[in-house]
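Here are my notes from going through this one. Have the viewer open while you read, since the points follow residues and elements around the model.

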Amino acid sequence: MPTFEKTREAPAAGVGTATIFLSAVVLIPLGTVLWKGTAQGPAAFWDAITAPDACAALRLTVAASVVVALVNLVMGTLIAWVLVRDPFPGRGLIDLLIDLPFALPTIVAGLVLLALYGTDSPVGITLAYTRAGVVVALLFVTLPFVVRTVQPVLLELDGEMEQAAASLGAGSWTIFRRIILPNLLPAMLAGTALAFTRSMAEFGSTVLISGNVPFKTQVAAVHVFGQIESDNTAAAAAVSTTLLMVSLLVLVTIDLVHRWGARRG
Amino acid sequence: MGLVVLGRTMKAGAALATVVAGAVACGGSGDSGGRVRLSLVAYSTPQAAYEAIIKAYQKTPDGEKVTFTRSFGASGEQSRAVASGLKADIVGFSLEPDMTRLVDAGLVDAAWNSGPQRGMITNSVVVLVTRKGNPESIKTWDDLLKPGVQVITPNPFTSGGAQWNILAGYGAKATRGADKAAGTAYLHALFKNVPVQDSSARKSLQTFAGGKGDVLLSYENEAIFAGQNDQPIDYTVPDSTILIENPVAVTRRSEHPAEARAFLKFLRGRKAQEIFVKNGYRPVVDGVPGAAAFPKPAGLFTIADLGGWPKVKKELFDPKGGVMADVEKGVGVSVEG
């Protein structure tokens with residue numbers, strides 16, 4: 001009887017705790033942004049996000065984030081693959097280094113990239129104050145996402161499936177396409193979605209290297225900062241809400257693609 | 001059973017957190033033991049000066065019982081933090097609108113600027129910072145418009161302090177605000193030569209130090225600070241430029257108003273003003289040693305000459321319809337077109 005009660009209560013307590021935590025830490029703050037962004041009515045909201053500079057900043061941010069997400073999808077998977085499947089000297093060290101972009105304050109990342117790719121670039125590549133510089137900064141800070149979501153799945157992947165496929169005459173491309181990829185895809189998409197949403201909101205690493213010229217290299221987060229600094233919090237919240245909605249849309253789309261893929265088998 | 005495990009885990013977590021926090025703990029200020037603790041919230045540029053002044057103050061009879069918590073950050077952010085409830089006894093900002101925000105919020109007395117210094121604590125001027133030896137021989141506002149000259153100045157919408165730079169050029173060309181069309185035209189032309197608009201003055205300095213640009217619009221105190229740190233720069237005080245005035249005040253919510261006011265008085269005294277001068281600032285009282293060394297440009301003007309902050313904010317820095325919003329749009333068109 002006590003055992004029965006426990007199994008009945010535990011899920012409820014778990015769900016309750018999770019809900020309270022999520023609400024306090026995530027849902028209520030996000031809701032407040034939404035509320036502030038739309039408090040002055042749809043017309044003011046529309047004005048704020050269609051202001052030419054806001055529009056340009058949003059376009060740049062979404063485009064850069066898409067590029068960053070796609071590059072991450074391919075390169076992140078490749079790096080995870082190399083780390084798991086291709087033993088090479090120094091692999092353990094590289095494996096440790098992957099997480100460092102997360103540990104570095106992003107403003108420091110921006111500073112380092114500026115020193116490396118700025119006007120006095122020691123490597124002879126000048127990317128600072130260009131849109132390419134924005135993409136490079138975003139790639140730096142989002143690198144771990146796909147690697148770290150794909151890596152454990154790849155580690156757990158049952159080698160016997162591949163051996164079975166090979167014994168049935170499948171070539172290595174067929175094995176990758178029919179056996180490995182379907183198993184990895186959920187993790188790849190989850191990592192890509194994380195990289196995309198992170199790019200959408202990134203401030204610290206881009207604020208130095210982009211040069212912040214409105215219409216040219218100013219990303220949405222810096223635009224939002226400018227609106228806050230100009231005491232225009234409603235516009236700041238409106239642009240932030242747009243960022244949230246685009247991210248949500250992408251997350252939902254990726255989820256649908258994944259479900260559709262899973263149904264097809 | 002589950003709860004016991006949870007409790008243990010939490011205890012272990014708490015212990016771990018304590019250990020980690022202990023490992024990274026810094027040298028904190030010890031317990032004040034019956035002393036008065038004042039909270040100073042200010043913008044970050046004069047941090048070194050404030051540290052030195054606090055040390056000097058604590059050697060005086062008034063100051064020996066006073067300890068300070070200090071918070072330094074971007075002027076606008078500090079002002080918004082105090083408006084949102086950050087505890088502060090004394091607040092110092094880089095420009096008056098950040099103080100006006102607190103007056104509007106009822107946190108600073110409306111009479112904060114009634115004294116002989118009108119609430120100000122330090123002055124400076126906007127200067128043209130160039131590479132060592134001034135290779136492009138840039139000395140005037142017109143020189144900034146030469147083709148190919150790259151001017152570095154922060155974005156005035158993300159950096160309140162950058163508004164001083166804009167106002168200096170605008171006021172010099174608009175004959176102190178009389179000829180608005182000339183001032184506006186100048187800003188349009190100027191921003192065609194601005195390849196980078198950093199989010200703050202310090203970041204602009206960083207950009208310039210990193211080799212980008214021919215001229216940096218900055219404050220005299222920042223240029224002096226950079227020179228003191230052996231940066232290879234020179235600077236010119238243009239014939240016509242704006243007097244930068246930095247406000248300071250005691251808040252109405254202060255729990256120790258008498259002590260806070262005493263410190264404010266010390267800030268305007270000879271000793272503190274001398275420290276400010278050593279850090280590159282112009283003093284707000286007469287007779288401070290070293291003050292004579294600051295050049296007095298013939299065409300020096302103030303924000304009051306331009307009609308005061310509320311007027312200037314509306315005309316130039318309104319994100320919708322202000323002159324600078326237009327200028328940025330113009331930059332965008334030339335970039336995209």
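How many residues does each chain, A and B, bring to the contact? Keep in mind that this is a predicted model.

1. The chain contact. Chain B puts in 23 residues and chain A puts in 24. On the chain B side, helix α12 (residues 323-336) gives the most, with 6 residues. Sorted by class, that side of chain B has 7 nonpolar, 10 polar and 6 charged residues.

2. Chain B overall. You'll find 12 helices and 8 strands in chain B. The chain runs to 337 residues, and 44% of them count as buried. Looking at contacts in chain B with a separation of 6 or more, 73% are between residues 24 or more positions apart.

3. The nonpolar core. The largest nonpolar core has 145 residues, and the members touching the most others are A:Val239, B:Ile90 and B:Val91. As a reminder, nonpolar side chains tend to be buried together in soluble globular proteins.

4. Around B:Ile90. If you want one residue to centre the view on, try B:Ile90, one of those three. Leaving out residues up to four places away in sequence, B:Ile90 touches B:Leu38, B:Leu40, B:Val248, B:Val250, B:Ala260, B:Phe263 and B:Leu264.

5. Domains in chain A. The domain assignment splits chain A into domain 1 (1-38) and domain 2 (43-264). Their C-alpha centres are 29 Å apart. The contact between them takes 6 residues from domain 1 of chain A and 8 residues from domain 2 of chain A. On the domain 1 side, these come out as 3 nonpolar, 2 polar and 1 charged.

6. A:Tyr129. This one is worth a click: A:Tyr129 is not a glycine, yet its phi is positive, at about 65 degrees. A:Tyr129 sits in the loop between α6 (106-117) and α7 (131-156) of chain A. Is A:Tyr129 buried or exposed? A:Tyr129 counts as buried because it has 26 C-beta neighbours inside 10 Å, and the cut-off for buried is 20 or more.

7. B:Asp230. Here is another non-glycine with a positive phi: the value for B:Asp230 is near 60 degrees. B:Asp230 is found in the loop between α8 (220-228) and β7 (233-236) of chain B. B:Asp230 has 7 other C-beta atoms within 10 Å, so B:Asp230 is exposed; the cut-off there is 12 or fewer. To put the two side by side, A:Tyr129 is buried, whereas B:Asp230 is exposed.

Note on methods. Residues are numbered from 1 along each chain as its sequence is written. Chains are lettered from A and ligands numbered from 1 in the order in which they are written. This is a predicted model: local features need pLDDT of at least 70, side-chain atom pairs count only at pLDDT 80 or more; totals for chains, interfaces and linings use all residues. Domain bounds come from an automatic or database domain assignment. Two residues are in contact if their C-beta atoms, placed from the backbone, lie within 7 Å. Ala, Val, Leu, Ile, Met, Phe, Trp, Tyr, Cys and Pro count as nonpolar, Asp, Glu, Lys and Arg as charged, and the others, Gly among them, as polar. A nonpolar core is a set of buried Ala, Val, Leu, Ile, Met, Phe, Trp, Tyr and Cys residues joined through C-beta atoms within 7 Å. Helices (H or I, at least four residues) and strands (E, at least two) are DSSP runs, numbered from the N terminus.
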